[in-house]
Amino acid sequence: DAWFDRQWALAVMDRALNRVAEGLKESGKERQFEHLKPWLVGDAEGLSQADAAAKLSVTTGALKVAIHRLRKRFRDALQREIAQTVDDPNDVEGELRHLIAALSHTGAGESGASPE
């Protein structure tokens, strides 16, 4: 059960991530997405926001705002993906919590990603 739940959560996150990436690509912000993605998927440990800001030619404050907006966009995409799997729209938040829990309970040697 835990393995299946984790695979489901990873698949939903992948679809949501692709949705966000496509949206930013369509609006000409593909480069921004690539630089901010680590803060979205939990791979930013050891990365410098100041360095990322410099690469994107923005201030650190603007980068923080962009990360915040990207996280919101990702959360919205996750909710839309989950909404396609439930009969009752009121179940989306519960399923989102289930997704987060499935990713939080990793086995030995596995790493988890965070949707926020």
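**Group meeting: charged patches and the core**

So, lysine 29 comes out as partly exposed, at 41% relative accessibility; that label covers the range between buried, under 20% relative accessible area, and exposed, over 50%, with a 1.4 Å probe and protein chains only. Before I go on: this is a predicted model, where local features need pLDDT of at least 70, side-chain atom pairs count only at pLDDT 80 or more, and totals for chains, interfaces and linings use all residues. Residues are numbered from 1 along each chain as its sequence is written, and side-chain values use heavy atoms, with hydrogens and water left out.

Back to lysine 29, then. It sits in the loop between α1 and α2, helices being DSSP runs of H or I, at least four residues, numbered from the N terminus. Together with Arg69, Arg73 and Arg80, Lys29 makes a positive surface patch. For a patch, I mean residues with over 30% relative accessible area and no salt bridge (Lys or Arg side-chain nitrogen within 4 Å of an Asp or Glu carboxyl oxygen), with like charges joined within 9 Å.

There's a negative patch too: Glu22, Glu26, Glu30 and Glu34. α1 and α2 are the elements giving it two or more residues. Glutamate 30 belongs to helix α2 and is partly exposed at 39%.

Now, inside. The largest nonpolar core, meaning buried Ala, Val, Leu, Ile, Met, Phe, Trp, Tyr and Cys joined through side-chain atoms within 4.5 Å, has 32 residues, and Phe33, Phe74, Leu78 and Leu99 touch the most other members. Helices α1 (2-26), α2 (30-41), α3 (49-56), α4 (60-83) and α5 (92-104) each put in at least two residues, with the largest share, 9 residues, from α1.

Terms used
Patch = residues over 30% accessible without salt bridge, like charges linked within 9 Å, V, L, I, M, F, W, Y side chains within 5 Å. Areas by Shrake-Rupley, 256 points an atom, 1.4 Å probe, with all protein chains shown as cover. Lys, Arg positive; Asp, Glu negative; His and termini not counted. Charge placed at Lys NZ, Arg CZ, Asp CG, Glu CD.
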